[in-house]
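Here is a walk through one protein chain, written for someone who hasn't met it before. Have a look at the fold, then read on.

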Amino acid sequence: MPIKIPSGLPARAILDSERIFALEKPEAERQRVRPLKLVILNLMPKKIETETQLLRLISKSPLQVEIDFMKTSTHEATHVSADHLVKFYETLDTFKDNYYDGFVVTGAPVEHLDFEQVDYWDEFRQILDWAGSHVFSTMYLCWGAMGALNYRYGVRKVDLSEKIFGVFPQYLQDEYCFLTNGFDEISLQPHSRLAGVDEGDIARNPDLQVLTWGPKSGPGLIATRDFSEVFALGHWEYGKYTLLEEYERDMKKGLTNVPFPENYFPHDDPQLEPVFAWRAHANLLWRNWLNWVYQTTPYDLSEVPQLRAEKRLGTDRSIRHEPGSPRVDAFTPFSHDSYGVIQG
């Protein structure tokens with residue numbers, strides 16, 4: 001929540017420079033409050049598991065949030081009952097005249113395919129077009145992030161011969177960025193993907209900024225400069241055992257391009273409990289995002305199309321630079337650890 005301060009307080013300039021939300025009394029008195037409205041496009045096969053993971057993070061915010069669930073009409077889900085989809089999910093046709101503060105687009109296990117080979121790719125693009133004028137800010141996850149970066153910004157997907165699989169260090173790129181405010185210099189992020197994104201394409205696009213980056217996993221969190229779109233290439237939403245379940249699934253399929261999950265089991269011993277080492281940063285990211293949306297979204301959501309068209313969604317106070325370590329020396333954080341969790 002923002003802090004309310006007396007008008008003209010000198011500390012306001014310092015707080016602004018550190019990108020801390022501070023409302024002077026007249027601003028606070030003009031502010032009208034209502035629940036945030038979110039819609040989730042759930043592309044994951046295990047709908048209920050993904051719903052639970054996302055709602056667990058959203059619920060950590062002190063804000064009241066109203067949530068709708070969206071599905072595609074051009075792909076038939078097979079890992080959830082039809083009754084569940086009928087009861088809780090609707091297609092774009094139902095939402096096309098609605099406006100939302102936030103939109104969440106999940107990943108999908110299709111990153112090994114060309115975008116045009118995904119049976120709902122055309123519908124995915126239609127949904128993104130709708131969100132571009134009906135949603136204040138969108139959070140894309142994994143393949144959803146790859147697809148959106150490609151369609152909206154021309155960032156190419158890079159196929160990998162071996163899956164990036166495990167928990168990897170991510171270096172903070174901007175200490176005072178709203179979305180990562182409060183992050184440690186090093187955060188841990190689960191990754192489970194057979195593709196990445198072309199970092200050169202991101203570097204050449206002035207509308208995009210890398211917020212966290214890892215030497216092996218690459219960009220973990222990317223955003224537009226006004227935070228209208230946020231792209232998480234990893235899976236901070238994953239539960240403690242999700243990587244284990246995916247590994248067992250892939251081994252049963254006989255896949256040979258899926259390595260043993262890195263930095264997940266202590267001493268790489270699958271007989272030991274996985275270390276749930278990313279939960280704090282997951283909660284912090286989602287709280288920061290929801291707080292950002294809450295502070296900047298219009299009270300009247302029908303104003304969103306005009307704000308989007310005029311690119312007046314928020315103040316650009318972020319820092320753009322080449323991704324790297326937060327340290328000025330040559331020390332590589334967590335390159336060795338006696339507990340056996342982080343290898344680099």
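Helix 10 is largely enclosed by the rest of the structure, because 13 of its 18 residues are buried. From its first C-alpha to its last, helix 10 reaches 26 Å, close to the 26 Å expected at 1.5 Å a residue. Keep in mind that this is a predicted model.

What does helix 10 contribute to the packing inside? Start with the largest nonpolar core, which has 49 residues; V104, L179, L285, W286 and W289 are those with the most contacts inside it. Helix 10 supplies the largest share of this core, eight residues. Apart from this core lies another one, of 40 residues, with M70, L149, V155 and Y171 among them.

Let's zoom in on V104. Leaving out residues up to four places away in sequence, V104 touches a whole list of partners, including L38, V39, I40, L41 and L54. Also among them are M139 and L141, as well as W286 and W289.

Now for the sheet. Ten strands make up an open sheet with mixed pairing, and their order is 5-4-3-6-7-12-11-10-8-9. Strand 5 (89-90) and strand 9 (186-197) stand at the edges with a single partner strand each, so one side of each has no neighbour in the sheet. In general, strands of a sheet pair through backbone hydrogen bonds, either parallel or antiparallel. For an antiparallel example, take strand 10 (residues 208-214) and strand 11 (residues 218-224), which pair over six bridges. Within this pair, Q209 stands opposite A223 in strand 11.

Which strands does helix 10 touch as it packs on the sheet? Helix 10 (residues 279-296) touches strand 3 (36-41), strand 6 (100-105), strand 7 (135-141), strand 9, strand 11 and strand 12 (229-232). The direction of helix 10 makes about 165° with that of strand 7. Helix 9 (residues 242-252) lies across strand 8 (157-172) and strand 9, and runs at about 160° to strand 8.

Two single residues are worth a stop. Here they are side by side:

| Residue | Place | Relative accessibility | C-alpha separation |
|---|---|---|---|
| Y99 | loop between helix 5 (92-95) and strand 6 | 24% | 9.7 Å to W130 |
| I48 | helix 3 (residues 47-58) | 45% | 8.9 Å to H84 |

Are these residues buried or exposed? At 24% relative accessibility, Y99 counts as partly exposed. I48, at 45%, counts as partly exposed. Along the chain, Y99 and W130 are 31 residues apart, while I48 and H84 are 36 residues apart. Y99 also touches K37, S133, H134, L301, S302 and P305, if you skip residues up to four places away in sequence.

Stepping back to the whole chain, there are eleven helices and twelve strands. Of its 344 residues, 53% count as buried. Among the contacts with a separation of 6 or more, 73% come from residues 24 or more positions apart.

How far can you trust the picture? The chain has a mean pLDDT of 85, and 79% of its residues reach 70 or more. Over residues 336-342, though, pLDDT stays under 50, and the model has 19 contacts beyond four places in sequence for that stretch. Where pLDDT is low, the predicted coordinates should not be read in detail.

Methods
Residues are numbered from 1 along each chain as its sequence is written. This is a predicted model: local features need pLDDT of at least 70, side-chain atom pairs count only at pLDDT 80 or more; totals for chains, interfaces and linings use all residues. Side-chain values use heavy atoms; hydrogens and water are left out. Two strands pair if DSSP finds at least two bridges between them. Helices (H or I, at least four residues) and strands (E, at least two) are DSSP runs, numbered from the N terminus. Contact means heavy atoms within 4.5 Å. Axes are lines fitted to C-alpha atoms, for helices over the stretch in contact, and angles run from 0 to 180 degrees between N-to-C directions. The expected span of a helix is 1.5 Å times one less than its number of residues. Buried means under 20% relative accessible area, exposed over 50%, partly exposed in between (1.4 Å probe, protein chains only). pLDDT is the predictor's confidence in each residue, from 0 to 100. A nonpolar core is a set of buried Ala, Val, Leu, Ile, Met, Phe, Trp, Tyr and Cys residues joined through side-chain atoms within 4.5 Å.
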